[in-house]
Amino acid sequence: ERAIALQPGLETTLDLAKVRILQGNGDAALAVLQPAAEREAANLEVQFFLGEAYRVAGQPAHAREAYEAALRIDPRFSPARAALEALPR
């Protein structure tokens with residue numbers, strides 16, 4: 001969060017979210033990604049990592065929505081497709 005305060009921007013936000021996801025802290029990743037998703041709804045990386053954060057936070061329905069949003073932006077984006085297929089049905 002301090003990194004965002006010192007150097008605001010999408011890249012910093014995504015970097016912090018990725019760290020939180022790797023730490024297994026989906027809720028903390030969501031806290032930084034949700035505002036970015038409101039501003040950057042058409043951004044492929046934002047939607048994909050939002051899906052990852054929801055997945056890690058144990059919210060597969062929301063993860064599915066975010067992965068599907070990423071695929072609407074770029075239907076060939078294989079990480080989103082693979083993540084979507086790996087979700088429980």
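Helices (H or I, at least four residues) and strands (E, at least two) are DSSP runs, numbered from the N terminus. We're working with a predicted model, where local features need pLDDT of at least 70, side-chain atom pairs count only at pLDDT 80 or more, and totals for chains, interfaces and linings use all residues. Residues are numbered from 1 along each chain as its sequence is written, and side-chain values use heavy atoms, leaving out hydrogens and water.

**Exercise 1.** Place Arg81 and work out whether Arg81 is buried, partly exposed or exposed.

Solution. Start with the element: Arg81 sits in helix H6 (residues 78-86). Next, take its relative accessible area, 36%. Buried means under 20%, exposed over 50%, and partly exposed in between (1.4 Å probe, protein chains only), so Arg81 is partly exposed. Finally, look for contacts (heavy atoms within 4.5 Å): leaving aside residues up to four places away in sequence, Arg81 touches Leu71 and Pro75.

**Exercise 2.** Do the same for Glu52.

Solution. Glu52 belongs to helix H4. Its relative accessibility is 14%, so Glu52 counts as buried. Not counting residues up to four places away in sequence, Glu52 touches Ile21, Tyr67 and Ala83.

**Exercise 3.** Find how far apart Arg81 and Gly51 are in sequence and in space.

Solution. Along the sequence, Arg81 and Gly51 are 30 residues apart. From C-alpha to C-alpha, Arg81 and Gly51 lie 11 Å apart.
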